[in-house]
Amino acid sequence: MSLHLYNSLSRQVEAFVPLDPARPTMYVCGPTVYNYVHIGNARGPVVFGVLADLLRRRYGALAYARNITDVDDKINAAAAEQGVPIAAITDRFAAAYREDMAALGVRAPDLEPTATGHIGQIVAMIERLIDSGHAYEAANHVLFSIGSYADYGKLSRRDIDDMRAGARVEVAPYKRDPGDFVLWKPSTGDLPGWESPWGRGRPGWHIECSAMAAAHLGETIDIHAGGVDLQFPHHENEIAQSECAHGGKVFARWWLHNGMLNFDGGKMSKSIGNIQKVHDLVAKHPPEALRYALLSAHYRQPLEWSDGLIEQSARTLDRLYGTLRDLGDIAYAVFDREAGTLELPLSIPQPVQAALEDDLNTPQALAELARIAGEARKATDPIEQARLKGELLGAGLALGLLQQDPAAWFAGASGDNDDARIQALVDERNQAKKDRDFARADAIRQQLADEGILLEDTPAGVRWKRSR
């Protein structure tokens with residue numbers, strides 16, 4: 001099968017073919033590091049990390065960049081409030097972001113450019129835009145002229161006249177057009193700044209990504225990804241300034257956007273104040289359960305986030321890891337009747353690979369994971385058990401799941417004193433007995449016993465208690 005991805009630019013699912021199969025390129029918008037990120041910010045790195053692994057398996061290589069925005073007015077405000085240099089803020093929260101993503105099983109990108117590390121490239125790109133008539137200097141600012149780019153709005157499908165009509169009353173007087181956006185702005189002595197042809201100042205947000213992408217991936221990249229909330233104005237502005245700076249060359253051939261997380265019926269965002277920080281969640285819940293939850297809906301759809309979703313994800317992982325523990329004495333293998341049973345490197349089962357190549361259909365891939373686990377629980381032939389164990393681990397590998405030892409998973413889970421999780425296992429055991437799946441019922445009893453949970457049969461039903 002070929003890899004098909006939904007392109008937000010064309011509004012169609014298209015067969016993906018990189019410009020250079022030896023080096024596909026992907027850029028994902030990273031965090032602005034002034035505080036801990038919320039769980040909605042983690043959806044893109046988790047999902048597009050799965051895509052990065054898929055591209056590496058398919059092409060053998062990938063140049064994957066995810067930036068760090070380390071100069072921003074919110075960073076400046078936090079530094080001023082605490083009376084420290086901006087680096088004290090950005091270094092701390094960039095490190096926290098890396099730790100939180102690693103906890104969620106997100107591999108580090110190949111490249112992690114920072115805005116402050118690319119001031120020279122940013123200034124050079126702005127100079128090209130001025131020289132070509134796409135930008136102008138006014139009141140110590142440099143602004144991009146949206147009227148100079150005929151295709152402005154092609155990504156978000158917004159009409160320029162509608163955007164002008166909807167502009168706020170307090171449009172800066174130095175703008176030629178209400179929709180013109182800042183490429184460079186002046187810095188007073190109390191703010192971070194760099195020397196430029198337009199005086200001491202700092203870059204606007206949009207120009208940073210264009211300069212960093214060009215510096216590391218080239219003037220035309222294969223995939224640009226990020227949250228759907230970035231489609232306008234951020235990604236729209238990236239397209240305009242990049243294509244104008246590079247003589248009309250296509251900036252990104254595919255645009256991928258993940259949907260937002262909803263919480264209690266509303267969008268999760270810092271401005272609303274209904275956020276749940278990854279830093280707090282990974283301390284409270286098994287991080288792998290959070291990852292599973294983020295993969296449970298198709299990346300382009302909104303995801304309803306709740307404690308119930310996390311709990312359900314943890315219970316599902318209990319069943320999957322329980323299956324692996326039941327197969328603990330079985331070496332995953334491919335059986336060769338001439339050579340005997342031979343343990344081989346993990347491979348991705350074809351149905352799982354096919355699901356991911358169909359526009360990253362992670363819900364279907366997770367369904368395949370559950371199907372394989374179900375077959376493994378029923379299998380009695382050692383050869384079949386070995387095959388299914390290999391498929392289960394391989395399917396998990398494609399999704400960044402089931403890669404820890406089952407004992408480690410259950411030790412971590414039991415350490416949470418999760419009453420609801422334990423009761424769910426007891427309920428599952430009861431159902432397994434009703435279904436006459438006695439092997440599964442016995443396995444759950446043993447699992448609970450290993451965690452120090454004792455089961456008691458009473459006239460009111462099965463009760464449990466901790467022995468330690």
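When I say that two residues touch, I mean that they are in contact, with heavy atoms within 4.5 Å. I need that for the first residue I want to show, methionine 125. Please keep in mind that this is a predicted model.

Methionine 125 sits in helix H4, residues 119-131. Leaving aside residues up to four places away in sequence, methionine 125 touches Ile207, Ser210, Ala211, Ala214, Ala245 and His246. Is methionine 125 buried or exposed? Its relative accessible area is 1%, and the cut-off for buried is under 20%, so methionine 125 counts as buried. For a sense of distance across the chain, take methionine 125 and lysine 465: they are 340 residues apart along the chain, and their C-alpha atoms are separated by 66 Å.

Let me step back to the protein chain as a whole. The chain has 468 residues, and 51% of them are buried. The secondary structure comes to 16 helices and 17 strands. Along the principal axes, the C-alpha trace spans about 80 × 55 × 35 Å. The exposed area is about 20,400 Å², with 50% of it supplied by carbon and sulfur atoms. If we take the contacts with a separation of 6 or more, 73% of them are between residues 24 or more positions apart. On charge, there are 50 positive and 64 negative side chains, and the centres of these two sets lie 3 Å apart.

Now back to the neighbours of methionine 125. Several of the residues it touches, including Ile207, Ser210 and Ala211, are among the buried residues of helix H6. H6 covers residues 205-217, which is 13 residues. From first C-alpha to last, H6 reaches 19 Å, close to the 18 Å expected at 1.5 Å a residue. Other buried residues in H6 include His206, Glu208, Cys209 and Leu217. After H6 comes glycine 218, with a positive phi near 110 degrees.

Next along the chain is helix H7, residues 231-245, and proline 233 is in it. What kind of peptide bond joins phenylalanine 232 and proline 233? The bond is cis, with omega at about 5 degrees.

On to the strands, starting at the N-terminal end. Strand E1, residues 4-7, pairs with strand E2, residues 12-15, in the antiparallel sense over four bridges. Asparagine 7 has glutamine 12 in E2 as its bridge partner. The hairpin of E1 and E2 has four residues between the strands, and in that hairpin arginine 11 takes a positive phi near 60 degrees.

Strand E3, residues 25-28, pairs with E4 in the parallel sense, again over four bridges. Valine 28 stands opposite arginine 66 in E4. Strand E4 itself, residues 63-66, is covered on both faces. On one side Ala63 and Ala65 are buried, and on the other side Tyr64 and Arg66 are buried.

Two residues that are not glycine have a positive phi and sit in loops. Asparagine 140 has a phi of about 65 degrees and lies in the loop between strand E5 and strand E6. Aspartate 359 has a phi near 55 degrees and lies in the loop between H11 and H12. Which of the terms buried or partly exposed fits each of them? Asparagine 140 has a relative accessible area of 48%, so it is partly exposed. Aspartate 359 has a relative accessible area of 2%, so it is buried.

That loop leads into helix H12, residues 362-378. Why do I call its length as expected? Because 17 residues at 1.5 Å a residue should span 24 Å, and the end C-alpha atoms of H12 are 25 Å apart, which agrees. Among the buried residues of H12 are Thr362, Leu366, Glu368, Leu369, Ile372 and Gly374. What do the buried residues of H12 pack against? They pack against four helices: H9, H10, H11 and H13.

Last, aspartate 280, which is in helix H8, residues 278-284. Its relative accessibility is 47%, so aspartate 280 counts as partly exposed. How far is aspartate 280 from valine 37, in sequence and in space? In sequence they are 243 residues apart, and in space 10.0 Å, C-alpha to C-alpha.

Notes: Residues numbered from 1 in each chain as written. Predicted model: local features only at pLDDT ≥ 70, side-chain atom pairs only at ≥ 80, totals over all residues. Heavy atoms only, no water. Expected span 1.5 Å × (residues − 1). Buried < 20%, exposed > 50% of the residue type's maximum accessible area, 1.4 Å probe, protein only. Areas by Shrake-Rupley, 256 points an atom, 1.4 Å probe, with all protein chains shown as cover. Lys, Arg positive; Asp, Glu negative; His and termini not counted. Charge placed at Lys NZ, Arg CZ, Asp CG, Glu CD. Pairing = 2+ DSSP bridges.
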